Amino acid sequence: MPLLITGAADAGLMELPWEMPLSTWPEERIAALPRGLSRHVVRFVRHGDGVLAVKETNPEIAHREFQMLRELERLDAPCVKAIAVVTGRQTAAGEPLSAALVTEHLAFSLPYRALFSTALRKGTLTRLIDALSVLVVRLHLAGFYWGDVSLSNALFRRDASEFSAYLVDAETGDMHERLTPGQRSYDLEIATTNIIGELLDLQESEDLDEGIDPIDIGTRLEARYDELWAALTFSETITKNVPFHVAERVRKLNELGFDLGEIDMQQTSDGTAIMLRPKVVDAGFHSRRLMRLTGLDVQENQARRLLNDLDEYRAVHTEGDDETFAAHEWLTHIFEPTIRAVPRDLRGKLEPAQVFHEVLDHRWYLAEASGADVPMPVATASYVKNVLPTKADEKAVLGRSIAEMTAELPALTKEHGTRYEARDPYANDNTHGWGGVPEPEPSEPPQVQRRSTRIPVSDRPQARVRDRAAEAADEELGTLDSPDE
Amino acid sequence: MATVTYDSASRIYPGTERPAVDSLDLDIADGEFLVLVGPSGCGKSTSLRMLAGLEDIDKGSIWVGDRDVTHVQPKDRDIAMVFQSYALYPHMTVADNMGFALKIAKVDKSEIRKRVEEAAKILDLTEYLDRKPKALSGGQRQRVAMGRAIVRQPQVFLMDEPLSNLDAKLRVQTRTQIAALQRRLGTTTVYVTHDQVEALTMGDRIAVLKDGVLQQVGTPREMYDTPANVFVAGFIGSPAMNISTFKVENGYALVGNSKVQLQRETVAHMSEADHGEAVLGFRPESLDRVAPNTEGALPVDVVVVEELGSDAFVYGQLPQPLVKQGDVKFGGSGEVIVRVDPRDVPKKGDSIWVKIREGEQHVFSAATGERISPTAVSTAATPKA
């Protein structure tokens, strides 16, 4: 069977080394980025000036997941973008190879394991869980049963002071007209178990503080989900003043960041009251409003923050003016100068909208310390000088262009390293329940390294050393056992 | 341990008229391994998910033991879906990987250890309990994943195409393991697959579904020897049964210039709606090669010969025309597969004569596709010399 690439409008994909098993792709192709746990071999691959995620799996699953991701994209659900399915792969010697699913890497996104490579506060952890619960609610509203909700199967992006979660693995999912209560509750049961498993695993590897109770955190998801689901979908019975109640309901949904698309109004059987139930609820209320006003495409909480600033600006500077006009003024006088004030060599740190959010925060602290209002340009200058340089390069972590990044920021990379170096390329190749997993390599796996720019990560050397020693001991024991099967 | 009963259970998706599962009646015995099998869209997965609580039951009910679970939430049904997607956590020991979910259920520590050890014994993993998954082989890892379901000690295991992720070789290995494990555990198990070979090799009994309707349920042997209708006849068995519709005159099916005698009781079961036609089925191994023009024999033009070492199959064509095309509901193409002696294979383009072995005909109504030949057919394992 000849090599077949379905889906992508990108002839350059043909040039990737499809005739080699993914686990042996040459290191100049591989972007050493942190990965979640995966049942399959997954590698990040440099392609053009971007990064692709390539996953080896069987052709039926690859095609199915591709369709599912496309369908989710059509429904505007937060998920990675499917690029192509590659089938008919074989080695030069004619040995058949697994099919592959290619997705685009989500810029500025972080797998949860990357967030644990720096000291993790409990606050961050609960925010991750909250972001995941919003994601699950949104997917459930769209009729998507995930079947394997976990921290590993999502990616996280900073979103003002919160996180936004994106689905990255749709392999086990199903699209339905509407989910049954059973499907929703089972998805949450799986989620809870998976999250607790993932956190226990982090504790075993000493990446998560012993003081944090995984069961506590894990059960938070369901509670948060239930709260949000109820707020979005509960039916209320009202006897009078229907327009007021509908408007009130819309306002409450907007506060939660959702829009009401359709509503069901049904007279009760005795005809004395009306039952209201939201039927179609869309996420992204604030990000859509900001997009309409300014053309800025940012995440929900960032949009909320920017809109607050915009509204404040409008109240003070352009009273009585049309909202669109005020937005234009704000964009040219406040937002753009702030973003332009970030030197080129620091732009890989954070997304522009996130920078703006942090400048606003910084301004608040400055104002509190000095006891007087601090103008935006002053706050920006102080932020760029004192705060931004201390941030890790997040675009470098999972940015669109690592090659470009390092060309632009040699000094910075030299100084900070890329922080999130994949310490062991095989560490996260999860053992898959029903096989399909590569056997452990007899020798040390090849280290993916770029000599010119990397310095070793020295966050937790002790733990790694102990880990290695324990593994070595395990291996010794292993030689005494008879081989399986 | 428990029985499972589907009592006229139906699932009708909103906005559709035809039920996805239509009045399913099925009794699954305590400890039984039942396989739901059928082509894609037949309702097998939906049936399983109704039992799991993932699909609503719009009519009828489902019982686990003597408990009606129709409106019970999935987590309260005491059922475990065994996942193809179970992850193993790399830094946790095998024992923790198997037992951690019990911690969430607030099971006592010593009880967890006890259950993990019991499961490990059944799974041959005892000596690996304190290792990390990385140190295990692929097969052992699969067993750890199964261990996660076993330690929960549910009443029923559910498995939905658990082998679909695997390559062909590992699939055969794993299906044997699952079947053996189920027999050791003795836990009632419902297993869904689209693969009839998997169904035949694993199940105590098989239930074949099509378009949401249960076609037949029985042991692998019964399904193979006495298919209840043309669909089951064609679905179960590989290579598939030869199925063609023929004109019937005076108790004989007319095949070109040849005549095949049908059993008298079979002919008696034909109805007016059949318009003097019947569907005749015979398995590739139910044919003997005979001399040309032997009475009751059929000529077959050899199109392709497939040699498998232990077996050889002739893919051929019956003489045309069979019956008026267009009127035929079942098997109008006249294609036929014959198992032949691998040491004596005809060449492409040859014409061979074959005769259906006595008592190895399956006859179905040309109008309804229902079986009309009364007796079970037992096929010999190898062709007669």
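**Notes on a helix in chain A and the strands of chain B**

1. Let's start with helix α10 of chain A, which covers residues 352-370: its 19 residues reach 26 Å from the first C-alpha to the last, close to the 27 Å expected at 1.5 Å a residue. Please keep in mind throughout that this is a predicted model. Just after α10(A) comes A:G371, which has a positive phi near 75 degrees.

2. Which residues of α10(A) are buried? They are A:A353, A:Q354, A:V355, A:F356, A:H357, A:E358, A:V359 and A:R363. The cover over the buried residues of α10(A) includes strand β8 (154-159) and the helices α8 (300-317), α9 (323-340) and α11 (376-387), which belong to chain A.

3. One of these neighbours deserves a closer look. Two packed helices are described by the angle between their axes and the distance between the axes. For α9(A) and α10(A), the angle is about 105 degrees and the axes are 10 Å apart. An angle from 65 to 115 degrees counts as roughly perpendicular, so that is how α9(A) stands to α10(A). On the α9(A) side the contact is made by A:F335, A:T338 and A:I339, and on the α10(A) side by A:P352, A:V355, A:F356 and A:V359. By type, the residues of this contact divide into six nonpolar, one polar and no charged. Of the α10(A) residues in the contact, A:V355, A:F356 and A:V359 are also listed as buried.

4. Now to chain B, which has nine helices and 21 strands. Its C-alpha atoms fill a box of roughly 75 × 50 × 35 Å along the principal axes, and 47% of its 385 residues count as buried. If we take the contacts in chain B between residues at least 6 apart in sequence, 69% join residues at least 24 apart.

5. An open sheet of chain B has five strands in the order β14-β13-β12-β15-β21, with antiparallel pairing. Strands β14 (258-261) and β21 (362-365) of chain B stand at the edges with a single partner strand each, so one side of each is left without a neighbour in the sheet. From one strand to the next, the twist averages 40 degrees. Within this sheet, β12 (residues 242-249) and β15 (residues 277-282) of chain B run antiparallel and are joined by six bridges. You can find B:T245 opposite B:V279 of β15(B).

6. Strand β20 of chain B (residues 351-356) is a nice one to inspect. In a regular strand the side chains alternate between the two faces of the sheet. Here B:I352, B:V354 and B:I356 point to one face and are buried, whereas B:S351, B:W353 and B:K355 point to the other and are not. Strand β16 (residues 287-290) of chain B runs antiparallel to β20(B), joined by four bridges, and B:V290 has B:W353 as its bridge partner. Strand β17 (residues 298-307) of chain B also pairs with β20(B) in the antiparallel sense, over four bridges, with B:L298 opposite B:V354.

7. Finally, is B:Y6, in strand β1 (residues 4-11) of chain B, buried or exposed? B:Y6 counts as buried because 23 C-beta neighbours lie inside 10 Å, where the cut-off is 20 or more. Leaving aside residues up to four places away in sequence, B:Y6 touches B:L24, B:D25, B:L26 and B:I62. B:T70 is 64 residues from B:Y6 along the chain, with 9.7 Å between their C-alpha atoms.

Notes
Residues numbered from 1 in each chain as written. Chains lettered and ligands numbered in written order. Predicted model: local features only at pLDDT ≥ 70, side-chain atom pairs only at ≥ 80, totals over all residues. Pairing = 2+ DSSP bridges. Helix = DSSP H or I, 4+ residues; strand = E, 2+ residues; numbered from the N terminus. Axes fitted to C-alpha atoms, helices over the stretch in contact; angles between N-to-C directions. Buried ≥ 20, exposed ≤ 12 C-beta atoms within 10 Å, placed from the backbone. Contact = placed C-beta atoms within 7 Å. Expected span 1.5 Å × (residues − 1). Parallel < 35°, antiparallel > 145°, perpendicular 65-115°, else oblique. Nonpolar A, V, L, I, M, F, W, Y, C, P; charged D, E, K, R; others polar.
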